[in-house]
Amino acid sequence: MTAKKSDIATEAATVSSDQLIGEFKALMADAEALIQATEGHADGAIGSIRSKALETIAGAKESLSGIEGQLADKAKAAAASADDFVHRNPWEAVGVAAGLGLLIGLFIRRR
């Protein structure tokens, strides 16, 4: 029973992590577009801020790609664990699926 809860929690964390990664990528793309728009202002303070921002974005991209790889590995491990559980306990998995289907049906009927 605990393995199922941890699999569900891992799956939910993976989904929210994927959303967070997508939003962070969009933020980095917007920041890069903003930095490119200031390309003509290479003098003094703006130039130094611009170069610092480009360095920070490059570092963030490297970190993000590492985290993305780790999350993909964890998702694969969670899927393999769930698959293994279903193969070891097929009737329990069918019972859980039927119970969830019943609960979802009850909630839908109440609407």
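Is R88 buried or exposed? R88 is exposed, with a relative accessible area of 54%. The legends below treat a predicted model, and they begin with the whole chain.

**Figure 1. Overview of the chain: three helices and zero strands.**
Read from the N terminus, the elements run α-α-α. Helix α1 covers residues 2-37. Helix α2 covers residues 44-88. Helix α3 covers residues 90-110. The chain has 111 residues, and buried residues make up 14% of them. Its accessible surface comes to about 8,400 Å². Carbon and sulfur atoms account for 64% of that surface. Contacts also say something about the fold. Among those between residues at least 6 apart in sequence, 68% join residues at least 24 apart.

**Figure 2. Helix α2 from end to end.**
This helix has 45 residues. At 1.5 Å a residue, it should span 66 Å. Its end C-alpha atoms are 66 Å apart, so the model agrees with the expected span. Several α2 residues are buried: G47, R50, I57, A60, L64, L71, A78 and F85. An α-helix has 3.6 residues a turn, so residues three or four places apart point the same way.

**Figure 3. The largest nonpolar core, made of I21, M28, A60, L64 and L71.**
The core holds five residues in all. The elements that give two or more residues to this core are α1 and α2. Its largest share, three residues, comes from α2. Look next at L71. Beyond its neighbours within four places in sequence, L71 is in contact with S17 and I21.

**Figure 4. The salt bridge between K25 and E68.**
Side chains of opposite charge can pair when their charged atoms come close. Here the side chains of K25 and E68 meet at 3.2 Å, N to O. K25 lies in helix α1 and E68 in helix α2, so the pair ties together parts that are 43 residues apart in sequence. How exposed are the two partners? K25 is partly exposed, with a relative accessible area of 38%. E68 is also partly exposed, at 33% relative accessibility.

**Figure 5. The salt bridge between K61 and E32.**
The side chains of K61 and E32 meet at 2.6 Å, N to O. This pair links distant parts of the chain, with K61 in helix α2 and E32 in helix α1. The two residues are 29 apart. K61 counts as partly exposed, at 38% relative accessibility. E32 is partly exposed too, with a relative accessible area of 26%.

**Figure 6. The salt bridge between D84 and R88.**
This view returns to R88. The side chains of D84 and R88 meet at 3.1 Å, N to O. Both residues sit in helix α2, four residues apart, so about one helical turn separates them. D84 is partly exposed, with a relative accessible area of 38%. R88 is exposed, at 54%. The cut-off for exposed is over 50%, which is why R88 falls in that class and D84 does not. The count of salt bridges comes to three.

**Figure 7. L34 in helix α1 and R50 in helix α2.**
L34 is exposed, with a relative accessible area of 59%. R50, in α2, is buried. How far apart are L34 and R50 in space, C-alpha to C-alpha? The distance is 9.6 Å, and the two are 16 residues apart in sequence.

**Figure 8. A93 in helix α3, viewed with A82.**
A93 counts as buried, at 17% relative accessibility. Buried means under 20%, so A93 meets the cut-off. A93 and A82 are 11 residues apart in sequence. In space they are 9.7 Å apart, C-alpha to C-alpha.

**Figure 9. A nonpolar patch on the surface.**
Which residues form this nonpolar patch? They are L100, L102, L103, I104, L106, F107 and I108. Together they have about 710 Å² of accessible area. F107 lies in helix α3. F107 is exposed, with a relative accessible area of 55%.

Notes
Residues numbered from 1 in each chain as written. Predicted model: local features only at pLDDT ≥ 70, side-chain atom pairs only at ≥ 80, totals over all residues. Heavy atoms only, no water. Patch = residues over 30% accessible without salt bridge, like charges linked within 9 Å, V, L, I, M, F, W, Y side chains within 5 Å. Areas by Shrake-Rupley, 256 points an atom, 1.4 Å probe, with all protein chains shown as cover. Salt bridge = Lys/Arg side-chain N within 4 Å of Asp/Glu carboxyl O. Buried < 20%, exposed > 50% of the residue type's maximum accessible area, 1.4 Å probe, protein only. Expected span 1.5 Å × (residues − 1). Contact = heavy atoms within 4.5 Å. Core = buried A, V, L, I, M, F, W, Y, C linked by side-chain atoms within 4.5 Å.
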